[in-house]
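Student: Please take a close look at one domain contact in this model. Start with the backbone and finish with the ligand surroundings, so that the contact is set in context.

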Amino acid sequence: MQKPNLQQAKKRSNKKVPVINDFVIDDKLLALGLHKKYFIKTYGCQMNEHDSEKIAAMLEKMQFQVASNMEEADVIILNSCSIRENAHNKVFGMIGQLKQLKEKKEDLILVLCGCMPQEEIVVNKILTKYEWLDIVFGTHNIINFPNLLAKCIDERKPQIEVFSKEGEIYESLPVKREYPHKAWVNIMFGCDKFCAYCIVPYTRGKQRSRTRQYILKEIKKLIAGGCWEVTLLGQNVNAYGKDLSENYYFADLLNDIGKLDIARVRFMTNHPWDLNDDIIKAMQQNDNIMPHIHLPLQSGSDRILQKMNRNYTKDEYIKLYFKLKEAIPNICISTDIIVGFPGEEAKDFSETLAVVNKCQFDYAFTFIFSKREGTPAAAMADKTLREEKEARLQKLNKYISAYTLNSNMQFKNTTVRVLVDGFSAKNKAVLTGYSENMKRVNFYGDEQLIGQIVPVKITEVKTWSLFGEIVSTKKG
Ligand code: SF4
């Protein structure tokens, strides 16, 4: 058993990051999943979504087949998220529910992976309260999942393996992409920013950028397979390359990817600290870089931003925001905002509202501060009552909804280009996808349009989506 250690996870060194590009699944395990099925439930961010695609590919290499629900699965994997207490609760709730299934189906293997196992309190809780879990592995142990699975089946005893380390780069993991027409591409792993509230630098290790050769090769292969859109992934993509010794940074990467024959390039997520003029210029100069950016504000109070260790002031944020709007006039800018950070007073919250009113974001994700054990913010005095925080969130959300609707209104009666993902979950006659500005667009259409980029005239505007009608079915 290898348990996590947050103190260890916090350490950073100048050691060269190992690049592992010879991953193979042992021949002996290639039939492990014969006549067996798996089900993966993913929580949290795109990084986790993409990790699940890698886990699915490993399982399918061992001949497991995907199950359509948990009941018919022989292996259930919960790929977890640590970012907020709510995410924890959802996962623990699910583990609780799965106990019944495990009792009915003795051979069922329950796996917990992702960020939660990287936390000491989580693993300790599992060991005392959730002993029916069979495998627990961390973000640095994904490469060993096939072996852990085989060992668990073989020895019929739980396997816990969580390394707390700076991490490696895995170049040769298989991936089972959810869509053929759009793909996640990791350009880096980990984070060294240590924002005071955030557990990610502890759960995902130090910043490790992939080299351009591997990234470009992966994207070219995706293009050859018919992919229209790539989303470059990293905890802070703007810092890409700063850990490499190549003098090659995010703007350079954007320019190189921009030259490829791909219709759409997106990236996430960003940090105002590292978003420089070169990046803005690259966005301006490459038509296939989509006019949308997610730029977390977190707070509009300088005092709170400093406590959060965000390393920018509200004025710097506002300046950057309008610089982007000026450079790319049709850009949509979304953001994240935390209310009720320890020590946030009414005055600080008013300052956040003032920034929101000034920027009028195209949309935003808003949250009440969630204490993450082991982070500096967890030890900060927090006297604000929960009810007060909820009232602040409600007030903020009213503004955000109004600005989101306002942003959507600009598209009424215009034609937007939509990359069609599939049918809407709510109505199987309605297709759904995203516009260039990252607005969700729904419209009536045929199945054959899935995976294509089509023009849609917007006829109806709602707060969280647009509705329209197809103008033409011409491809591309
Ligand atoms: S930049 Fe800050 S918020 Fe984002 S992952 Fe790194 S530490 Fe967390």
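Tutor: Gln63 sits in the loop that runs between α2 (46-61) and β3 (65-66). Its phi is near 75°, which is a positive value in a residue other than glycine. The model is predicted, and that applies to this angle as to every other value below. A second backbone detail is the peptide bond between Met268 and Thr269, which is cis, with omega about 0°. Thr269 belongs to the loop between β13 (264-268) and α9 (277-285).

Now the domains. The domain assignment divides the protein into domain 1 (6-161), domain 2 (177-290), domain 3 (292-408) and domain 4 (415-470). The contact to examine is that of domain 1 with domain 3, whose C-alpha centres are 33 Å apart. Eight residues of domain 1 and six residues of domain 3 take part in the contact. Between them the two domains bury about 560 Å², and carbon and sulfur atoms account for 51% of that area. On the domain 1 side, Leu6, Arg84 and Glu85 together provide 62% of the area buried against domain 3, more than any other three residues.

What polar links are there between domain 1 and domain 3? Four residue pairs are in polar contact, counting pairs with both residues at pLDDT 80 or more. By class, the domain 1 residues that touch domain 3 are three nonpolar, two polar and three charged. The number of salt bridges between domain 1 and domain 3 is one.

The model as a whole has 31 salt bridges. Glu85, already named for its share of the buried area, pairs with Arg372 in a salt bridge whose N to O distance is 2.6 Å. Glu85 is part of helix α3 (residues 85-104), while Arg372 is in the loop between β16 (363-368) and α13 (386-409), so this pair ties together parts that lie 287 residues apart in sequence.

Last, the ligand. Which residues are around the ligand? They are Cys191, Lys193, Phe194, Cys195, Tyr197, Cys198, Val200, Pro201, Gln235, His271 and Arg310. Sorted by class, this shell consists of seven nonpolar, two polar and two charged residues.

To return to the contact: domain 1 and domain 3 bury about 560 Å² between them, and Glu85 and Arg372 are joined by a salt bridge.

Definitions and conventions: Residues numbered from 1 in each chain as written. Predicted model: local features only at pLDDT ≥ 70, side-chain atom pairs only at ≥ 80, totals over all residues. Heavy atoms only, no water. Domains from an automatic or database assignment. Contact = heavy atoms within 4.5 Å. Buried area = accessible area lost by both parts, 1.4 Å probe. Salt bridge = Lys/Arg side-chain N within 4 Å of Asp/Glu carboxyl O. Polar contact = N/O pair within 3.5 Å; in protein donor to acceptor, adjacent residues only side chain to side chain. Nonpolar A, V, L, I, M, F, W, Y, C, P; charged D, E, K, R; others polar. Near = heavy atom within 4 Å. Helix = DSSP H or I, 4+ residues; strand = E, 2+ residues; numbered from the N terminus.
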